[in-house]
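Student: I would like a close look at a single helix. Please show me where it sits and what surrounds it.

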Amino acid sequence: MASQSVRVSTSTTYPLLEVQNLGRQIESRWIWRNFTFAVQPGERLAVTGPSGSGKSLLLRAIATLDPIQTGEIAFCSKPLSQWSVPEYRTQVIYLHQRPALWEGTVEFNLQRVFTLKSHRHKTYSREMILHYLDKLGRSSQFLQQPSSSLSGGESQIVAFLRALQLSPQIFLLDEPTASLDAETVRQFELLVQTWQAEDTNRAYLWTSHDPSQLKRITDRAITISG
Ligand SMILES: Nc1ncnc2c1ncn2[C@@H]1O[C@H](COP(=O)(O)OP(=O)(O)OP(=O)(O)O)[C@@H](O)[C@H]1O
């Protein structure tokens, strides 16, 4: 059974996210349990631990993509039972290690999210996307590429932009740069910092097996020890 240790924040601000006694069991095995921590506004958190310790399962549980067997999650002081799931998921977005994209061009993938009910009040901005692409060293031609032709790293970029344009409050970033080259990794990190600087309450949880990256872009760690 995995256990967890958490360095408790000394911040006195109101938590953005509170996780109480969370437990995840698969068949008879507890992946982790009694998991308790809070994310303060503006926090940049690393989620660390060996492969298979349950980092992805933790982020997915917070994103309500996976079930939990025990515990509670509250966002902005409201338990998840009081949030509508689509509304919550517009605020707390999980970025998958190996994102799934719809069939069609990159731009189709970026536009399509706005047809979902929870995002219908927002509009697609090509101008903003071109700005982001420029920051990631890509030209407008990237938008016309079919998703089926994208590399793993390019798919990560599309999934990131698809989420970024929705302006979430919390990003759950699951090895988001694992397939990117070193220069794009830095550009990606900068873009995340820019997103956060636009609203200093925004926070993220980031998993990575690269300690130097976590040192650059996070301030404290939640460690799941195997
Ligand atoms: N759907 C599933 N069914 C059964 N076991 C699963 C399932 N999803 C995850 N697991 C198991 O749960 C454990 C934790 O998986 P998870 O993907 O969260 O690990 P991780 O810490 O993110 O690993 P990595 O660093 O390699 O990405 C692993 O042993 C994995 O095999």
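Tutor: Take helix H5 in this predicted model. Ten of the 13 residues of H5 are buried, so the helix is largely enclosed by the rest of the structure. Here, buried means that 20 or more other C-beta atoms lie within 10 Å of a residue's own.

Start with the helix itself. H5 covers residues 152-164. From its first C-alpha to its last, H5 reaches 18 Å. That is close to the 18 Å expected at 1.5 Å a residue.

Now see which residues are buried. Near the start of the list are Glu154 and Gln156. Then comes a run: Ile157, Val158, Ala159, Phe160, Leu161, Arg162, Ala163 and Leu164. So the list is not purely nonpolar, because Asp, Glu, Lys and Arg count as charged, and Glu154 and Arg162 are among the buried residues of H5.

What do these residues pack against? Their partners are one strand and three helices: strand E7 (92-95), helix H3 (106-112), helix H4 (126-135) and helix H6 (182-197).

Look at Leu95, at the end of the range given for E7. Leave aside its neighbours within four places in sequence. Leu95 is then in contact with Ala159, Phe160 and Ala163, among others. Those three are also buried residues of H5. Further contacts of Leu95 include Phe171, Leu172, Leu173, Asp174 and Pro176.

This leads to the core. In soluble globular proteins, nonpolar side chains tend to be buried together. In this model, the largest nonpolar core has 50 residues. Leu95, Leu172 and Tyr204 have the most contacts inside that core. H5 gives the most to this core, with seven residues. Leu95 and Leu172 are also in contact with each other.

Step back to the whole chain. The chain has seven helices and ten strands. Of its 226 residues, 32% count as buried. The C-alpha atoms fill a box of roughly 50 × 40 × 35 Å, taken along the principal axes. A compact globule with 226 residues would have a radius of gyration near 17 Å, and the chain agrees, with 17 Å.

Contacts also reach along the sequence. Take those between residues at least 6 apart: 76% join residues at least 24 apart.

For contrast, try a loop. Pro15 is found between strand E1 (3-6) and strand E2 (17-26). Pro15 is partly exposed, with 19 other C-beta atoms within 10 Å. Leaving aside neighbours within four places in sequence, Pro15 is in contact with Ala38, Val39 and Gln40.

Terms used
Residues are numbered from 1 along each chain as its sequence is written. This is a predicted model: local features need pLDDT of at least 70, side-chain atom pairs count only at pLDDT 80 or more; totals for chains, interfaces and linings use all residues. A nonpolar core is a set of buried Ala, Val, Leu, Ile, Met, Phe, Trp, Tyr and Cys residues joined through C-beta atoms within 7 Å. A residue is buried if 20 or more other C-beta atoms lie within 10 Å of its own, exposed if 12 or fewer, and partly exposed in between; C-beta atoms are placed from the backbone. Helices (H or I, at least four residues) and strands (E, at least two) are DSSP runs, numbered from the N terminus. Two residues are in contact if their C-beta atoms, placed from the backbone, lie within 7 Å. The radius of gyration is taken over C-alpha atoms; the globule rule is 2.2 Å times the number of residues to the power 0.38. The expected span of a helix is 1.5 Å times one less than its number of residues.
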